[in-house]
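Got the viewer open? Let's take a walk through this one, one selection at a time.

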Amino acid sequence: MAEGVGRGSYQDNKRFVKIARGSLYETQHWLRRAYTRNLLTVEQVNIFTAIINDLAPQLNSYLQSIGASPKNHDQ
């Protein structure tokens, strides 16, 4: 996300936020696979799941906050 903001373009910022959101969901996918393969305990999965569940709405809110026009790109 910082890379998108650092480029100075509204569209780049929005694009990198969407990439970050996709990466978060990819992490969730691999977390489930790691648990299924007995690489993580239930406690570990619960810790990571809580973080993911906290971050997903924050990313979505940030994406909505930058809106549909470049005027909001610095927020």
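In which helix do D12 and R15 lie, and how many residues apart are they? Select the two: both sit in helix α2, three residues apart, about one turn of the helix. Helices here are DSSP runs (H or I, at least four residues), numbered from the N terminus.

Before going further, some housekeeping: this is a predicted model, where local features need pLDDT of at least 70, side-chain atom pairs count only at pLDDT 80 or more, and totals for chains, interfaces and linings use all residues. Residues are numbered from 1 along each chain as its sequence is written, and side-chain values use heavy atoms, with hydrogens and water left out.

**Stop one: the salt bridge**

Stay on that pair and show side chains. D12 forms a salt bridge with R15, and the closest N and O atoms are 3.5 Å apart. The term calls for a side-chain nitrogen of Lys or Arg within 4 Å of a carboxyl oxygen of Asp or Glu. The structure holds one salt bridge, so don't go hunting for another, given that cut-off. D12 counts as partly exposed because its relative accessibility is 21%, and R15 does too, at 43%. On this scale, buried means under 20% relative accessible area, exposed means over 50%, and partly exposed is in between (1.4 Å probe, protein chains only).

**Stop two: the core**

Now select V17, L24, L31, V45, I52, A56, L59, Y62, L63 and I66: these 10 residues make up the largest nonpolar core. Such a core is a set of buried Ala, Val, Leu, Ile, Met, Phe, Trp, Tyr and Cys residues joined through side-chain atoms within 4.5 Å. Colour α2 (10–36) and α3, the elements that give two or more residues to this core. The largest share, six residues, comes from α3.

While A56 is picked, add G22 from helix α2. Their C-alpha atoms are separated by 9.8 Å, though the two are 34 residues apart along the chain. G22 counts as partly exposed because its relative accessibility is 38%.

**Stop three: along α3**

Show α3 alone, residues 42–65. Its 24 residues reach 35 Å from first C-alpha to last, close to the 34 Å expected at 1.5 Å a residue (1.5 Å times one less than the number of residues). Which residues of α3 are buried? They are V45, I52, A56, L59, Y62 and L63.

Last pick: I51, also in α3, which counts as partly exposed because its relative accessibility is 44%.
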